[in-house]
Amino acid sequence: MTVTRYTDETTAEISFPLGGIGTGCIGLAGNGRLIDWEIFNKPNKGSVNGFSHFAVRAERDGKVIDARVLNGELNGSYTGVFGRKWFFEGFGWGPLRETMAGMPHFSQHEFIGEYPFGEIGFSEPNFPGRVRLKAFNPFIPTNDKDSGIPAAFFEIEVMNTSNEVLTYGYRRTGQSIWHQWWLQ
């Protein structure tokens with residue numbers, strides 16, 4: 001069986017669905033962003049949930065030597081998008097703040113999607129390690145009850161590519177989904 005690998009700009013249109021069957025979903029973008037928050041029985045393509053993201057850091061002897069948002073390069077327009085309703089957003093104002101554009105991130109990424117698993121590998125010449133994010137659904141063939149759990153699961157793996165002993169840490173940051181729902 002051949003595995004299709006998407007790299008860098010070829011990941012621009014990927015939104016891998018995460019969530020139980022019939023429970024709504026979040027999209028894992030091909031560059032690692034969490035997009036398309038389609039929950040509360042509402043289609044919502046193009047949406048984001050505040051500054052929700054994963055981040056990783058490398059430490060040597062208790063001191064941070066590098067920290068990055070676990071995203072690849074921004075896929076999309078750097079001039080902004082049409083149709084935004086808030087001040088200082090839209091065409092001419094640049095990418096939305098929620099894209100985390102401008103934050104340290106990974107310059108190379110590779111996406112492999114074989115439902116119910118989506119996997120992204122990240123690398124950066126200045127980061128002392130390779131990072132792999134694996135996301136999956138609670139999909140269990142012939143088991144509709146457990147496949148309908150409203151959840152998405154994430155695993156983060158870091159491989160040290162340096163000759164030094166390093167400690168790695170990671171975090172996920174997210175805004176309450178109720179805040180986004182209440183504003184709409």
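Here is a walk through the fold, from the whole chain down to one glutamate and a patch on the surface.

Keep in mind that this is a predicted model. Start with the overall inventory: the protein chain has 2 helices and 11 strands. If you trace the sequence from the N terminus, the pattern reads β-β-β-β-β-β-β-β-β-α-β-β-α. In other words, nine β symbols come up before an α does, then two more β, and an α closes the pattern.

Now for how the chain packs. There are 184 residues, and 37% of them count as buried. Take the contacts between residues at least 6 apart in sequence: 54% of these join residues at least 24 apart. As for the outside, the accessible surface of the protein chain is about 11,300 Å², and carbon and sulfur atoms account for 56% of that.

Next, pick out the sheet. Five strands line up in the order S1-S7-S8-S9-S10, forming an open sheet with antiparallel pairing. Strand S1 (6-7) and strand S10 (153-159) sit at the edges; each has a single partner strand, so one side of each has no neighbour in the sheet. Further in, you can follow one pairing in detail: strand S8 (residues 117-123) runs antiparallel to strand S9 (residues 130-136), and the two are joined over 6 bridges. To get your register there, look at Gly121, which stands opposite Arg132 in S9.

Let's move to Glu38, which belongs to strand S4 (residues 34-38). Is this glutamate buried or exposed? Its relative accessibility is 14%, and the cut-off for buried is under 20%, so Glu38 counts as buried. What does its side chain reach? One answer is the backbone nitrogen of Asn44, at 3.0 Å. The Glu38 side chain also makes a polar contact with the side chain of Lys45, at 3.1 Å. Leaving aside residues up to four places away in sequence, Glu38 touches Gly24, Cys25, Pro43, Asn44 and Lys45. So the two polar partners, Asn44 and Lys45, both turn up again in that contact list.

Finally, turn to the surface. Which residues make the nonpolar patch of about 300 Å²? They are Ile21, Tyr115 and Phe139. To find the patch on the model, you can begin at Ile21, which lies in the loop between strand S2 (15-18) and strand S3 (25-29). From there, look for Tyr115 and Phe139, the other members of the patch.

Note on methods:
Residues numbered from 1 in each chain as written. Predicted model: local features only at pLDDT ≥ 70, side-chain atom pairs only at ≥ 80, totals over all residues. Heavy atoms only, no water. Pairing = 2+ DSSP bridges. Helix = DSSP H or I, 4+ residues; strand = E, 2+ residues; numbered from the N terminus. Buried < 20%, exposed > 50% of the residue type's maximum accessible area, 1.4 Å probe, protein only. Contact = heavy atoms within 4.5 Å. Areas by Shrake-Rupley, 256 points an atom, 1.4 Å probe, with all protein chains shown as cover. Polar contact = N/O pair within 3.5 Å; in protein donor to acceptor, adjacent residues only side chain to side chain. Patch = residues over 30% accessible without salt bridge, like charges linked within 9 Å, V, L, I, M, F, W, Y side chains within 5 Å. Salt bridge = Lys/Arg side-chain N within 4 Å of Asp/Glu carboxyl O.
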